[in-house]
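Let's take a walk through this fold, sheet by sheet and then core by core. Keep the viewer open as you read.

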Amino acid sequence: MSYYRPVDRTEVDMGNAVGKRVVVVGAGIVGASLAYHLASKGAQVTVLEAAGIASGVTGRSFAWLNTSHSGPDPIAQLRGAAIKEYRRLEAELPGLKVRWTGSLSYDASSAAVLQASGHPPAATRVSRAQILGLEPNLKNPPRHALYNAEEGALDAVEATHALLTGAQAYGATVVTQTRVLGVTTQGATVTGVETTTGIIDADIVVLAAGTGITQLADRLKVPLPIEASPAIFIRYTAQAKLVHSIISSPEMEVRQSADGTLLAAEDHLDDAVENQPEAMALRTAKAIQNELYGVLSIEPEVACVGLRPMPIDGIPIIGYLPSIGGLYVCAMHPGVTLAAVVGRLASEEIIDDKASSALAPCRPKRFFQA
């Protein structure tokens, strides 16, 4: 069964896409979205992945489509479009499903927003009684919280597979277990990539390999300030229907998947024994038991660290690298939230030569200006 009916080439003007060979490095959710949108425009897309599909930070993501942000936000336009773009992808790709449960926040950042007497446009200030209506198992509901009914979460691995299947329906090729050693150039223009199995020619190379982008950029003498920001992802087996939305509080950040699996996210503190993922999973389990009624048993199933690609200034790096023609970069956090909208906008820039104003704050050139 095909996830998506490829558009007949007579239905659209393929324009610049005809014959354009694009290599996407990285098969996480960002690379998969880029591949899907590029292939849907008629580009000849090859996706290269050093390990398996969604084997990096995508597979270790809490995957909350969180569009809220406190304080000034240079990428507010991107965040604002994220939900709409995922709704579009759901309609296009039956294999991509989002649980639109809404989110309930009463952590430090949302408290600061409340004290400032404002909140994100899509969020609503709710009372304790309303909180208990949303999350009846909470033992210690706060007086107030922010509820965003539009937000949700997804299985990031499943979504990545759905996007790549959609890309393949348009003719894209997905190659795993193949590491990219470097980008090949002639003069100051990209000609392809060198892999462990040989050279693949390309007109455009898109780097969407998360923290792996820095090594490839360094080899071209265009260093990008991307840090590997660790976060802990935990999966538990527990009773069903404990959590109905996404809860973000000082004690826990949890959600529950359709099959009843309880998912949690924690900040990585340090490398001390007591802060290793397994130990954090046990502490978080106790916190969940303290905060929720009905937790008869809760057993860690997976506890691991995901390394998020975090640009040093906190703003995504999206666009062509200066001084090297045909080399496009996509490095961002939150990657899962922004994957759908960035995939569409970047494909329009690469194939249609249509510059996006929403991506203007994200340009790599900001790091190379004298």
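Two strands count as paired if DSSP finds at least two bridges between them. Strands (E, at least two residues) and helices (H or I, at least four) are DSSP runs, numbered from the N terminus. This is a predicted model, so to speak of local features takes a pLDDT of at least 70, side-chain atom pairs count only at pLDDT 80 or more, and totals for chains, interfaces and linings use all residues. Residues are numbered from 1 along each chain as its sequence is written, and side-chain values use heavy atoms, with hydrogens and water left out.

**The eight-stranded sheet**

Start with the hairpin: strand 16 and strand 17 have five residues between them, and Gly260 in the turn has a positive phi of about 95 degrees. The two strands pair in the antiparallel sense over three bridges, with Gln256 standing opposite Leu262 in strand 17.

The hairpin belongs to an open sheet of eight strands, ordered 6-7-5-15-16-17-14-18, with mixed pairing. At the edges sit strand 6 (123-127) and strand 18 (298-311), each pairing on one side only. From one strand to the next the twist averages 20 degrees. Angles here run from 0 to 180 degrees between N-to-C directions, and axes are lines fitted to C-alpha atoms, for helices over the stretch in contact.

Strand 14 (residues 226-238) is worth tracing on both sides. It runs antiparallel to strand 18, joined by 13 bridges, and one of the partnerships is Tyr236 with Pro300 in strand 18. Strand 14 also pairs with strand 17, again antiparallel, over six bridges; there Ile232 has Glu266 as its bridge partner.

Helix 7 (residues 277-291) packs on this sheet, touching strand 14, strand 16 (253-256), strand 17 (262-267) and strand 18, and its direction makes about 115 degrees with that of strand 18. Contact means heavy atoms within 4.5 Å.

**The six-stranded sheet**

A further open sheet has six strands in the order 9-2-1-13-20-19, and its pairing is mixed too. Strand 9 (173-175) and strand 19 (317-320) are its edge strands, each pairing on one side only. Direction ignored, neighbouring strands of this sheet are turned by 15 degrees against each other on average. Strand 19 pairs with strand 20 in the antiparallel sense over four bridges, and Gly319 has Val329 in strand 20 as its bridge partner.

Two helices lie across this sheet:

| Helix | Strands it lies across | Angle |
|---|---|---|
| Helix 1 | strand 1, strand 2, strand 13, strand 20 | about 165 degrees to strand 2 |
| Helix 8 | strand 1, strand 13, strand 19, strand 20 | about 170 degrees to strand 20 |

**Helix 2 against helix 8**

How do helix 2 and helix 8 cross, and at roughly what angle? The axes of helix 2 (residues 76-92) and helix 8 (residues 335-352) come within 8 Å and cross at roughly 80 degrees. That makes helix 2 roughly perpendicular to helix 8, a label for angles of 65 to 115 degrees (under 35 is roughly parallel, over 145 roughly antiparallel, the rest oblique).

Among the residues that meet here are Leu78, Ala82 and Leu89 in helix 2, and Leu338, Val342 and Leu345 in helix 8. Leu78 touches Leu338, Val341, Val342, Leu345, Ala358, Leu359 and Cys362, not counting residues up to four places away in sequence.

**The cores**

A nonpolar core is a set of buried Ala, Val, Leu, Ile, Met, Phe, Trp, Tyr and Cys residues joined through side-chain atoms within 4.5 Å. Buried means under 20% relative accessible area, exposed over 50% and partly exposed in between (1.4 Å probe, protein chains only).

The largest core has 54 residues, and Ile29, Leu38, Val45, Leu78, Tyr86, Leu96 and Leu154 touch the most other members. Elements supplying at least two residues each include strand 1 (21-25), helix 1 (29-40), strand 2 (44-48) and helix 5 (156-169). Helix 8 gives the most, with 10 residues. Another core, apart from it, has 24 residues, among them Ile131, Leu138, Ala281 and Ile298.

**Backbone oddities**

Most residues other than glycine have a negative phi, and most peptide bonds are trans. Ala63, in the loop between strand 2 and strand 3 (64-65), has a positive phi near 60 degrees. Ser323, in the loop between strand 19 and strand 20, has a positive phi of about 75 degrees.

Is each of these two buried or exposed? Ala63 counts as buried at 3% relative accessibility, whereas Ser323 is exposed, with a relative accessible area of 58%.

Finally, the peptide bond from His333 to Pro334 is cis, with omega near 5 degrees; Pro334 lies in the loop between strand 20 and helix 8.
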